[in-house]
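Hi,

Here is the structure I promised to pass on. Have a look at it first, and then read on for what turned up.

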Amino acid sequence: MALTIPSPQPTSHSPPFQVHRFPQDQYIDALRWLPQLSAFHRHVLLATFNSDTSISSLQTLTYTPNSPPNLSLQSSYPTPSRITSLKTLLIPQSPKPLIAASTLSGSLLFLSADLVNGSLDFEFSVPEKGFHRGPVSGIDVDGNGSGSVVSVGEDGKINLIGIGSEGRGSNQRFFDSNGLVSYSTVKWASPFEFVTGGLGYSLQWWDQRRPGGPVSQFKGNWSSGTTTGIVHSVDIHPSRKHTCLAGGSSGTVFAWDLRWQHHPVILSGAGTPETYSPSESEIWEVQYDNYTHSSNIRNVSSSRVLPAMICSEDGILAVIEQSEVPMELLAEPCAINSFDIDKENPSDVICSLEWESIAILTRS
């Protein structure tokens, strides 16, 4: 049963929206929308952890956006440990989305979601031994045609895992810093290029055609105090593959443009008075928001950063835009750990709350 909460009074900058909350009996580590089969039945993927039984699992849920809206469990699959990163990919000529899930114990699982018959089916896995030493910090699935998953860890290793018909499940060590550098997140930019983030607000740009190390690097120097900042999440827009969006410590969100590598655009952050900062805590996830001002996207200069959505440790879900006042969507009394914008219906956003609850926002 959903709890329908009136949306905050919209400002002149924000559209009206509805918020539906669905209490859960487990902690939600990550969540993603799954491809839509019909206008009446949507599906959500959860990575959950039961603190009473110490059992972790992947779950698919059916979302019916009728009145009242309903979110019900469809299938569940136990995992060896908690999920650290969760990605999905729709394989051409296959009705079943592929799910990639990295674990705290250091393995990588691949499952397919049969949304018609309501099952999660194991495909293959990359075992812990020889993969990462410790947790896998982040993964990303390439939807541009390389047929690979890239994984990073605090151990400084970067791996490429094949998911295509040829080389499926193969594991290639692309780089190993031997622990001198740790990585917390990763995102594909093209079939050959990807970006990683880590300590010191650092970003690294990699090209498989030029192995041996990053082809470009950036390290932020605006952090205040004695605490070293860290990048938790990165995103790259399909139309702006030269620009990386990053979110991390102290409410920091910035864009790194490869054309002007030494001049990042600071969108938010504590200690940066020239920006409007909706949060001063950890930014757990960032995504470009294709819904906001999407009708004007062609009129935006290529040097201007596109609107982005963030979620934070202090319970903020907001849309930020360069030189604009942030558009606050949620202000919760607990952390918002993860969110996802529906690629097929970008007006719909799902997020997980620290207090074992899911919120679904529908922007009109």
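Strands here are DSSP runs of at least two residues, marked E and numbered from the N terminus. With that in hand, serine 250 can be placed in the loop between strand E20 (243–248) and E21. Please keep in mind that this is a predicted model.

Let me stay with serine 250 for a moment. Its phi is positive, about 55 degrees, although the residue is not a glycine. Serine 250 counts as partly exposed because its relative accessible area is 30%.

A second serine does something along those lines. Serine 54 is not a glycine, yet its phi is positive at about 60 degrees. You'll find serine 54 in the loop between E4 and E5. With a relative accessible area of 54%, serine 54 is exposed. That loop is the turn of a hairpin: E4 and E5 have four residues between them.

One more loop serine, in case you want it for orientation: serine 165 sits between strand E13 (157–162) and strand E14 (171–176). Serine 165 is exposed, at 80% relative accessible area. Its C-alpha is 8.5 Å from that of glycine 147, and the two residues are 18 apart along the chain.

Now for strand E4, which I'd look at next. Is it enclosed or open to the outside? Nine of its nine residues are buried, so E4 is largely enclosed by the rest of the structure. Arg42, Val44, Leu46, Thr48 and Asn50 point one way from the strand, while His43, Leu45, Ala47 and Phe49 point the other way, and all of them are buried.

E4 has antiparallel partners on the following strands:

- Strand E3 (residues 27–33) is joined to E4 by six bridges, and the two run antiparallel. One of the pairings puts alanine 30 opposite alanine 47 in E4.
- Strand E5 (residues 55–64) is joined to E4 by nine bridges, again antiparallel. Here valine 44 has leucine 61 in E5 as its bridge partner.

Within E4 (residues 42–50) is threonine 48, and I'd zoom in on that one. Threonine 48 is buried, since its relative accessibility is 3%. What does its side chain make polar contacts with? One is the side chain of glutamine 26, at 3.4 Å. Another is the side chain of serine 57, at 2.8 Å. Leaving aside neighbours within four places in sequence, the residues in contact with threonine 48 are Gln26, Tyr27, Asp29, Ile55, Ser56, Ser57 and Gln59.

Two arginines lie over aromatic rings. Arginine 42 is over the face of tryptophan 33, 4.6 Å from the ring centre. Arginine 82 is over the face of phenylalanine 49, at 4.1 Å from the ring centre.

On to ring pairs. How many aromatic pairs does the structure hold? There are eleven aromatic pairs. Take phenylalanine 218 and phenylalanine 254: their ring centres are 5.7 Å apart and their planes are at 45 degrees, so this pair is tilted. The pair links distant parts of the chain, with phenylalanine 218 in strand E18 (residues 216–219) and phenylalanine 254 in strand E21 (residues 253–257), 36 residues apart. Phenylalanine 218 is buried at 10% relative accessible area, and phenylalanine 254 is buried at 1%. Elsewhere, Phe174, Phe175, Tyr183, Trp188, Phe194 and Trp206 form one aromatic cluster.

Last, the cysteines. How many disulfides are there? The structure holds zero disulfides. A disulfide needs two cysteine sulfur atoms within 2.5 Å. For cysteine 334, the closest cysteine sulfur is in cysteine 351, 9.3 Å away, so the gap is too far for a bond. Cysteine 334 is buried, at 7% relative accessibility. Cysteine 244 is buried too, at 0% relative accessibility.

That's the tour. Shout if you'd like to go through any of it together.

Cheers

Note on methods
Residues are numbered from 1 along each chain as its sequence is written. This is a predicted model: local features need pLDDT of at least 70, side-chain atom pairs count only at pLDDT 80 or more; totals for chains, interfaces and linings use all residues. Side-chain values use heavy atoms; hydrogens and water are left out. Buried means under 20% relative accessible area, exposed over 50%, partly exposed in between (1.4 Å probe, protein chains only). Rings of Phe, Tyr and Trp (its six-membered ring) pair if their centres lie within 6.5 Å; planes under 30 degrees apart count as stacked, over 60 as edge-to-face and the rest as tilted. A charge sits over a ring if NZ of Lys or CZ of Arg is within 6 Å of the ring centre and within 35 degrees of the ring normal. A polar contact is a pair of N or O atoms within 3.5 Å; within protein, one must be able to donate a hydrogen and the other to accept it, and residues adjacent in sequence count only if both atoms are side-chain atoms. Contact means heavy atoms within 4.5 Å. Two strands pair if DSSP finds at least two bridges between them.
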